[in-house]
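Open the model in your viewer and keep the sequence panel beside it. This tour tells you what to select at each stop and what you will find there.

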Amino acid sequence: MNTPYPFQFTLPYPDLIPSHYDHHIQRRLSALKGQFFDQESYAAMLAREDTLLYEVYEVSRPHLPGELLSGISILHPGKVGREFFMTKGHFHAVLETAEIYYCLKGEGFMVMENPQGETSVEPLCPGRVLYVPPAWAHRSVCTSRQQDLVTFFAYPGNAGHDYGTIEKQGFAKLVVEGESGIEIIDNPRWNK
Ligand code: F6R
Ligand code: ZN
């Protein structure tokens with residue numbers, strides 16, 4: 001991993017799993033305890049199966065400011081009650097670090113907010129590049145009915161992750177299936 005030389009990898013279609021990666025992380029329903037607003041549906045679903053929600057293939061580098069960590073995030077389609085499957089979401093531990101996402105497959109949103117309470121929910125579809133500025137927490141949401149939401153990401157090696165803040169307060173905005181399609185609503189349980 002510590003090669004001082006340039007390196008390449010490919011993202012072969014159709015699965016887009018990197019030809020080289022260092023970590024494969026799988027996150028299941030149980031990892032998002034307290035995050036889906038319909039807690040009854042969450043408990044019922046979890047009692048049936050600890051469903052796999054998403055996977056991350058990470059190409060690791062030393063955790064240094066001059067390095068970039070990159071990889072692929074694959075978020076599977078599905079809902080808990082009316083709320084679409086989503087990632088845990090996080091601030092970076094070094095708050096002033098940004099991230100770039102490039103959407104390769106599927107449809108969805110990036111839900112974001114900053115410590116000042118400003119929010120932004122940006123659509124993701126193939127070919128779109130999304131810039132997450134420093135200090136903005138981010139969570140991806142898959143709204144495709146059948147397809148995975150697949151994104152390539154890159155962020156500074158020293159960024160780290162703060163999951164605890166979001167675990168406590170959630171995000172201010174939720175992405176749900178409404179009467180007439182996809183809706184972005186205020187989180188009734190959001191407390192800051
Ligand atoms: C890294 C980053 C992505 C996410 C991935 C899974 O800073 O934003 O690689 O880590 O989409 O989401 P989390 O980490 O929130 O479970
Ligand atoms: Zn991040």
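**First stop: the largest cavity**

Select Ala31, Leu32, Gln35, Lys88, Gly89, Arg139, Tyr163, Ile166 and Glu167: together they line the largest cavity. A cavity here is a set of points, on a 1 Å grid over the protein atoms alone, where a 1.4 Å probe fits but cannot get out; lining residues have an atom within 4 Å of a point. The volume of the largest cavity is about 40 Å³. Volume means the space filled by probe spheres set on the points, with grid points joined across faces, edges and corners. Colour the lining by class: 4 residues are nonpolar, 2 polar and 3 charged. In this scheme Ala, Val, Leu, Ile, Met, Phe, Trp, Tyr, Cys and Pro are nonpolar, Asp, Glu, Lys and Arg are charged, and the others, Gly among them, are polar.

Before moving on, note that this is a predicted model, in which local features need pLDDT of at least 70, side-chain atom pairs count only at pLDDT 80 or more, and totals for chains, interfaces and linings use all residues. Residues are numbered from 1 along each chain as its sequence is written, chains are lettered from A and ligands numbered from 1 in the order in which they are written, and side-chain values use heavy atoms, with hydrogens and water left out.

**Second cavity**

How many cavities of 30 Å³ or more are there? The count comes to 2. For the second largest, select Phe91, His92, Leu95, Thr97, Val132, Pro133, Ala135, Trp136, Ala137 and His138. About 30 Å³ of space lies inside. This lining has 7 nonpolar residues, 3 polar and no charged.

Stay on alanine 135. Its phi is positive, about 75°, although alanine 135 is not a glycine. Look for it in the loop between β9 (129-132) and β10 (137-142). Strands (E, at least two residues) and helices (H or I, at least four) are DSSP runs, numbered from the N terminus. Alanine 135 has 12% relative accessibility, so it counts as buried. Buried means under 20% relative accessible area, exposed over 50%, and partly exposed in between, using a 1.4 Å probe and protein chains only.

**The zinc site**

Now select ligand 2, the zinc ion. Which residues coordinate it? They are His90 (NE2), His92 (NE2), Glu99 (OE) and His138 (NE2), at 2.1 to 2.3 Å. Donors are N, O and S atoms within 2.8 Å of the metal (3.2 Å for Na, K and Ca); water is not among the atoms, so sites may look incomplete. In the sequence panel, the donor residues follow the spacing H-x1-H-x6-E-x38-H.

Check the geometry next. The 6 donor atoms subtend angles of 75 to 172°, so the arrangement is octahedral. Six donors count as octahedral if opposite donors are over 155 degrees apart and all others between 65 and 115. Are the two histidines 90 and 92 buried or exposed? Histidine 90 is buried at 10% relative accessibility. Histidine 92 is buried too, at 4%.

**The largest pocket**

Keep His90 selected and add Arg27, Val56, His161 and Tyr163: of the 19 lining residues, these five lie nearest the centre of the largest pocket. A pocket is an open set of points with protein on both sides within 12 Å along at least five of seven lines. The volume of the largest pocket is about 310 Å³. Show the strands as ribbons: β1, β2 (52-59), β6 (99-105), β10 and β11 (149-156) each supply at least two lining residues. By class, the lining has 7 nonpolar, 7 polar and 5 charged residues.

**Before β1**

Go to the segment before β1 (23-28), where proline 14 is found. A cis peptide bond joins tyrosine 13 to proline 14, with omega about 5°. Leucine 16 is in this segment too. Leucine 16 has a positive phi of about 65° without being a glycine. Its relative accessible area is 0%, so leucine 16 is buried.

**A hairpin and a loop**

Select residues 173-178 and 181-186, strands β12 and β13, which pair in the antiparallel sense over 6 bridges. Strands pair if DSSP finds at least two bridges between them. The two form a hairpin with 2 residues between them. Lysine 173 stands opposite aspartate 186.

Finish in the loop between β8 (119-124) and β9, at cysteine 125. Cysteine 125 is partly exposed, at 26% relative accessibility. Draw a C-alpha to C-alpha distance to isoleucine 166: 25 Å in space, 41 residues apart in sequence.

Definitions and conventions: Tetrahedral: all angles 85-135°; square planar, octahedral: opposite > 155°, others 65-115°.
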